[in-house]
Amino acid sequence: MATELFSSGHTACAGCGQALGARLVLEATGPNVVIANATGCLEVFTSRYPESAWGVPWIHSLFQNAAAVASGVEAALRIKGKLDQVRVISQGGDGATADIGMASLSGMFDRGHDILYVCYDNEAYMNTGVQRSGLTPFDSRTTTSPAGKKSFGNPRPKKNIPEIANAHNVLYVATASVAFPKDLQKKVKKALSIRGPKYIQIFVPCPLGWRHDPALTYDIAKLVVETGLYPILEYQDGKLISVKTIEAPKPVDEYLKLQGRYAHLFTERGKDEIAKIQAIADGNIKKYGLLKEGKEVQKKMAAEKPAEEKIFTTAELSKCDGKDGQPAYFAYNGKVYDISGSDLWADGAHYKMHFAGMDLTDALSEAPHGDEVFERFKAVGVLKA
Amino acid sequence: MIIPVTSKPRTSKANKTGTWRSGKKPHFIQKECIACRLCVMVCPEGCISGDKRCTYIADFKYCKGCGNCAAVCPVADIEMVKEEWWRETIS
Amino acid sequence: MRQYLEGSHAVAEIVRLCKAQVISAYPITPQTHIVESLAQMVADGELNAEFINVESEHSAASVVQGASATGVRTYTATTSQGLLYMIEVLYSIAGLRLPVVLTCANRAVSSPINIWNDHQDSVTVRDAGWLQFYAENNQEACDLHLMAYRLAEDHNIMLPVMVCMDGYILTHAYEAVDLPEQSQVDKFLPEFNPIHCLNPDDPISMGVLMGPESYTETRYAIHQTMMDALNVIPGISDEFERVFGRKVNCLIEKYRLEDATQVFVAMGSMVGTIKEMVDGLREDGQKVGLLKVIAHRPFPKKIVYEALKNAREIAVLEKAISLGEEGPLLSDVKSAFCGYGNQPKISGFVLGLGGRDITKKSIFEVYCALAGSQIDVKFIDLKI
Ligand code: HEM
Ligand code: HEM
Ligand SMILES: Cc1ncc(C[n+]2csc(CCOP(=O)(O)OP(=O)(O)O)c2C)c(N)n1
Ligand code: SF4
Ligand code: SF4
Ligand code: SF4
Ligand SMILES: [Mg+2]
């Protein structure tokens, strides 16, 4: 690929979620960025001299100063009058971000630099051999928080860096997971469109450190969201503006059992501990409104201001199924859209899975995209509640 | 005296990580493919390419055989196969 | 133009004249006056620069590193704990061959905490790959900063430079200094022309991981550059003299050395006191002299040897010590004689630590000790 900004040939482990995350981020940023990278796996597996995986200007200095180096880059671009054309990204692992680099990150936020900080959260110090960090989750086993007769591993929950960022009045703060690449990339793009400090924290599985099958990187990154353990959030100006809702939360053990770092919990003794982890997930679901509620609110909002006059009953809608010369309509959040013009909806069928003539509100959450794809289609009415 | 301490962009391509695969590689069956690009999106090596249905393929010079592409393919059009004959495909 | 200025302010004026574009620093006494002056200049629009207030010295050094890598002229200043807190970044800046200029307002190192002057801070970081110059007075401090930018950005050098000036003794002293005109500075110091920088049009990777197969060569290159700098410096000093009409020494200065058999060797502001002592002893008919070392790194070993080879007794006076060994400058001076037959007696004296006054009496004590047998380390003015 000519436009490749993060190249193959890097030396990450097979199935590395961080390599995946970095590639997705770079696809979203495009070429006009400068990156300041902290020490850690990402730096090591991309920059073994004389090779580099990076297709954008990139600098690494130390473990704890990526945010400060980026501040210098940004200041230099500003004085050169180039900050309009070039965006600055600072990035590092969870250790670089939440522990040793916390002060320099705080400084970067506080000074209001026009920088997007990306934290690749693999929940431990991987590059030095899987030690505990401030973002290591509760009861997970690392080499410095081992499980033993008197321990279930890390005794503390994750530091809440997004809220720490919010406390700095960071303009845009979001979490993401590599299992939802479009959402991740949308957030990176949105962040880069905002001038000032931004923070995105990305969940990136580490097969080596978490001791999971490398083929499960994607599934694990998905399950962590579906259990509620890693809420996917978006804040603007400190206000929660979106959450990724969960249809029916999966029990946490479905997520935990895939990873060796939690293997010690699957014993008689560990039952209570799994219950505590479930409580963390339940707490997130409640705190951030990850369940239906969120959606109901959305639905209500849409229903309150019917944009078009025509009111469809379910029966009326079902006739508009795109077949036999009928128009192809579907309903979403109370609105009815005309999708007849789309090749992707020929004969009212979308990817053999979804069909016109129906209320597809709930189905959209399973789609690889959000409602932004409707923009070019006309709403022709509302669905009768 | 100045010697380069910088690297040129995208030079990691010189590093053929395909040699890392141990025993498994993705086989793109190319029958059911619906061109959803999910495999392209999740490959940590960024080594899958293709555009239309049933054109997707991994570049085995770089594929590490992690198996995520096969795991995500919604139509099970990628399977992980044992490889005995694979080394030849790395140029 | 001659002006009566505080040392810190004078240095700030020079940094302004050198048109530093990104300045970052963190408060620490006795360095603060320099960057406070610069902040005011930026606030008043006298200096078109980004002044970045950071949360630590580690970040101050990192900010100037990032900015220098992006191709602009940078400046930072610190001392003592701040300099030590920067150490990692100092090595990183040199390793990336970035021409950062830093002023070290020399101060003692904790514990016990002590905010007064000695050289332990900058001497501790002498191996980081920075050129290191020690100023005797504020005029020299100013001139060394001009040289610092010129040398750092020279394409044959491309290394960071640290100008060391004694905390309080120089930074807070009001002295008459001759500040150059902008046109002179512009003539002497061309615009910064980086060899490469962070730029999407040429997206290089800087600060990459190097293995055993290539790391050694990067260290060799820095060392070789330091050695080359010894040859480059005299030519640039001559140019300095042509432009500013004033001599600047960057390596050493000889003071009444011609026929001297007993020679003091020292760095920084104590040289002034020693000069007075030398004058006094000369009046009494003693053949004493002084060698002022300005460049601690690169250490001009051959030049030092040539300057000292006729001496019989040498006293190296230092405001620092390698605890458990001897003064670091003493080791350097001794090594300059290594391999030559005519070994003089070279003794080491440690004094002026943590701001203790160095008086003529202190120097006289050194002079008296010279007559005896060779001494590795003698603490002068010791109250034990
Ligand atoms: C058998 C039919 C399919 C099923 C059951 C299915 C199911 C899913 C599910 C459950 C997700 C996770 C979405 C979420 O939880 O938000 C997903 C994601 C995704 N699907 Fe499908 N899918 C199917 C077909 C397709 C097709 C036809 C395409 C493309 C043409 C596709 C492309 C994607 C992509 C790109 C994602 C990533 C989502 C993201 O960006 O976050 N899928 N699919
Ligand atoms: C798992 C379920 C689904 C999958 C895998 C899927 C996949 C896709 C893909 C791959 C595209 C092309 C996107 C692009 O160009 O970026 C697309 C377009 C679209 N999808 Fe879906 N989709 C799903 C569900 C839905 C649902 C439930 C709706 C309606 C509520 C919907 C409405 C649309 C629309 C309006 C477009 C734009 C069509 C066009 O551009 O011509 N999709 N979908
Ligand atoms: C000052 C300092 N202390 C320790 C280290 C060693 N070190 C290098 S990378 C690393 C861990 C990185 O962890 P994280 O930031 O989470 O990134 P990951 O490798 O997990 O992606 C550590 C401890 C260092 N380079 N510098
Ligand atoms: S240790 Fe983990 S984060 Fe590091 S390269 Fe391997 S999989 Fe990626
Ligand atoms: S097996 Fe892994 S590395 Fe190979 S193509 Fe599939 S996702 Fe990429
Ligand atoms: S994931 Fe499967 S269906 Fe989708 S593009 Fe790849 S091979 Fe085709
Ligand atoms: Mg980590």
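Student: Which cysteine sulfur is closest to the sulfur of Cys142(C), and why is there no bond between the two?

Tutor: Keep in mind that this is a predicted model. A disulfide is a covalent bond between the sulfur atoms of two cysteines. To count as one here, the two sulfurs must lie within 2.5 Å. The sulfur of Cys142(C) is 10.0 Å from its closest partner, which is too far for a bond, and that partner belongs to Cys18(C).

Student: Is Cys142(C) buried or exposed?

Tutor: The cut-off for buried is under 20% relative accessible area. Cys142(C) comes in at 0%, so it is buried.

Student: How many disulfides does the structure hold over all chains? And how far from Cys54(B) is the nearest cysteine sulfur?

Tutor: Counting over all chains, you get 0 disulfides. Cys54(B) fits that picture, being in no disulfide. Its nearest cysteine sulfur is the one in Cys33(B), at a distance of 4.9 Å.

Student: What does a relative accessibility of 24% make Cys54(B)?

Tutor: Buried would need a value under 20%, and exposed one over 50%. Cys54(B) sits at 24%, so it counts as partly exposed.

Student: Okay, on to the metal. Which protein residues are donors to the iron atom of ligand 2?

Tutor: Look in chain A for two NE2 atoms lying 2.1 to 2.4 Å from the iron. They belong to His350(A) and His369(A).

Student: How many residues apart in sequence are the parts that this pair ties together?

Tutor: His350(A) lies in strand E14 of chain A, while His369(A) is in the loop between strands E15 and E16. The pair therefore ties together parts whose separation in sequence is 19 residues.

Student: Which of the two histidines is buried, and which is partly exposed?

Tutor: The line for buried is drawn at under 20%. His369(A) has 24% relative accessibility, so it is partly exposed. With a relative accessible area of 11%, the buried one is His350(A).

Student: What kind of geometry does the site of that iron atom have?

Tutor: The iron atom of ligand 2 has 6 donor atoms, with angles of 76 to 178 degrees among them. For six donors to be octahedral, opposite ones must be over 155 degrees apart and all others between 65 and 115. This site is classed as irregular.

Student: What about ligand 6: how many charged residues are in its shell?

Tutor: The residues around ligand 6 come from chain B, including Cys33(B), Tyr56(B) and Arg37(B). By class, 10 are nonpolar and none polar. The charged count is 1.

Terms used:
Residues numbered from 1 in each chain as written. Chains lettered and ligands numbered in written order. Predicted model: local features only at pLDDT ≥ 70, side-chain atom pairs only at ≥ 80, totals over all residues. Heavy atoms only, no water. Donors = N, O, S within 2.8 Å, 3.2 Å for Na, K, Ca; no water. Tetrahedral: all angles 85-135°; square planar, octahedral: opposite > 155°, others 65-115°. Helix = DSSP H or I, 4+ residues; strand = E, 2+ residues; numbered from the N terminus. Buried < 20%, exposed > 50% of the residue type's maximum accessible area, 1.4 Å probe, protein only. Near = heavy atom within 4 Å. Nonpolar A, V, L, I, M, F, W, Y, C, P; charged D, E, K, R; others polar.
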